[in-house]
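Work through the exercises below with the sequence and the model side by side. Each task is followed by a solution that proceeds in steps.

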Amino acid sequence: MNRFLDLADFSRDQVVDLLDLARRLQERPEPQALAGRILGLLFMNPSLRTLSSFQAGMMRLGGTSFVVTPGQGTWQVETRTGAVMDGGAAEHVREAIPVLASYCDALGLRAFAEGRDLAADLAEAPFQLMAGLCNKPFINLESAVNHPCQALADWKTMDDVGVPRGGRFVLSWVYHPRALPLAVPAAALHMAAQRGMEVVVLRPDGYALPEPIMAKARRAAAESGGTVSETTDRAAALAGAHVVYAKEWGSPAVYGDAEAEAALRRPLADWRVREAWFANARPDCHFMHCLPVRRNVAVADEVLDGPRSRVVQEAANRMVVQMAVLHRLLRG
Ligand code: CP
């Protein structure tokens, strides 16, 4: 394994094998496994969990890390090919990434969607370009339409709490004051389909996920014995649910148009997860969210603070599964 860019690059069995390694490292720590190894972390966008969990995980394996956040103590970095760099950015990724790669044994990159052109964001061209500039093991810390580390942690969290392979997984759109990227919903959808679950995407009109994202999930489901469907009917979606996975995302229908997006989502502020949502779910239905979450906007306190919530466990599993990714990338 030389790259960790997308769970779709791995078979279901390979993902299960990676999760077995994560559990092994959790039960039998290897504090010297990556002694002397260095992880570089390039964050074009903010983070709490991804940044701290990668640094902590690397240290727990005996290695170390450095973090670069362009524009905050380091040069602003240009990503566009052919840019005339007469603005704020003094450095281009064409130099910055090979330079950073020369200092470390593996490099991680976070680069969110630009949020202007849906086709361009779906193509992930800037991220692929940057990945191609790195000659060391490379990790996707969240790209325009993917967040494989989050997806892997979510898979493990469901294993940990006993959600069955074929359990009903409801990915529900929830309200946020503005459009957020498609990375987490796309990754969670694919992950649940690859796990072999009965996946339902619950979303209001105007928020259907792009067809390439749905098609990718359907392919994963076909290979693993799962199913993928979508609906606007909350009661039908949640009936018998094992898991409700809430996420905020922008409308693909008006992508990049802030005014149209605001108008579309204005009447949807009641798409906030509350305990009443779970009336027809399984009594032990779990609630998941990748965090950060806006309390009492996207999800009510009663759910986040209640017994269904797995949000902190998901975040804790970020470090555990990423240790397995680092172990595989740097020790084989
Ligand atoms: N879930 C997640 O990736 O959190 P951060 O944005 O804080 O890294």
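## Exercise 1: The two domains and their interface

The protein is divided into domain 1 (3-147 + 315-331) and domain 2 (162-309), and the model examined here is a predicted one.

Task. Describe how domain 1 and domain 2 meet, beginning with how far apart their C-alpha centres lie and ending with the salt bridge found across their interface.

Solution. Begin with the centres: the C-alpha centres of domain 1 and domain 2 lie 25 Å apart. Next, consider the residues that touch, where 22 residues of domain 1 are in contact with 23 residues of domain 2. The size of an interface is often given as the accessible area lost when the parts come together. Here domain 1 and domain 2 bury about 1,600 Å² between them, and 62% of that area is on carbon and sulfur atoms. Of the area that domain 1 buries against domain 2, R12, R49 and L118 supply 37%, which is more than any other three residues.

Then turn to the polar side of the interface, where six residue pairs are in polar contact between domain 1 and domain 2, both residues being at pLDDT 80 or more. On the side of domain 1 that touches domain 2, α1 and α4 each supply at least two residues, and the largest share, three residues, comes from α4. Finally, the rule finds one salt bridge across the interface of domain 1 and domain 2.

## Exercise 2: Helix α8

Task. Check whether the span of helix α8 agrees with its number of residues, and then work out which elements its buried residues pack against.

Solution. Helix α8 covers residues 211-224, which makes 14 residues, and at 1.5 Å a residue, counted over one less than the number of residues, it should span 20 Å. The C-alpha atoms at its ends are 20 Å apart, so the expected and modelled spans agree.

The next step is to see which residues of α8 are buried, and these are I213, M214, A215, A217, A220, A221 and S224. An α-helix has 3.6 residues a turn, so residues three or four places apart point the same way. The buried residues of α8 pack against three helices and two strands, namely α1 (12-27), α4 (118-123), α7 (183-195), β9 (198-202) and β10 (227-231). As a last step, look just past the helix, where α8 is followed by G225, whose phi is positive, near 90 degrees. One further residue of the helix deserves a look: K216 forms a salt bridge with D6, with the closest N and O atoms 2.8 Å apart.

## Exercise 3: The surroundings of H176

Task. Decide whether H176 is buried or exposed, and list the residues with which H176 is in contact beyond its neighbours in sequence.

Solution. Start by placing the residue: H176 lies in the loop between β8 (168-173) and α7. Its relative accessible area is 5%, and because this is under 20%, H176 counts as buried. Leaving aside neighbours within four places in sequence, H176 is in contact with E248, R265, R294 and V297.

Now look at the polar atoms, where the side chain of H176 reaches the backbone oxygen of R178 at 3.0 Å, while a polar contact of 3.1 Å joins the side chains of H176 and R294. The fold also brings together residues that are far apart in sequence, since H176 and L268 are separated by 92 residues along the chain but by 9.2 Å in space, C-alpha to C-alpha.## Exercise 4: Charged pairs

Task. Take three salt bridges, those of E198 with R168, R203 with E230 and K247 with E248, and state how buried each partner is.

Solution. Side chains of opposite charge can pair when their charged atoms come close. A search of the whole structure finds 20 salt bridges. In one of them, E198 pairs with R168, the closest N and O atoms being 2.4 Å apart. This pair links distant parts of the chain, with E198 in strand β9 and R168 in strand β8, 30 residues apart. E198 is partly exposed at a relative accessible area of 33%, whereas R168, at 15%, counts as buried.

For the second pair, the side chains of R203 and E230 meet at 3.0 Å, N to O. R203 lies in the loop between β9 and α8, and E230 in strand β10, 27 residues apart. R203 is buried, with a relative accessible area of 12%, and E230 is partly exposed, with 36%.

For the third pair, the side chains of K247 and E248 meet at 2.9 Å, N to O. K247 is buried at 7% relative accessible area, and E248 counts as buried at 2%. To finish, D20, R23, D159 and R195 can be located in the model, where they are linked in a network of salt bridges.

Terms used: Residues numbered from 1 in each chain as written. Predicted model: local features only at pLDDT ≥ 70, side-chain atom pairs only at ≥ 80, totals over all residues. Heavy atoms only, no water. Helix = DSSP H or I, 4+ residues; strand = E, 2+ residues; numbered from the N terminus. Buried < 20%, exposed > 50% of the residue type's maximum accessible area, 1.4 Å probe, protein only. Contact = heavy atoms within 4.5 Å. Domains from an automatic or database assignment. Buried area = accessible area lost by both parts, 1.4 Å probe. Salt bridge = Lys/Arg side-chain N within 4 Å of Asp/Glu carboxyl O. Polar contact = N/O pair within 3.5 Å; in protein donor to acceptor, adjacent residues only side chain to side chain.
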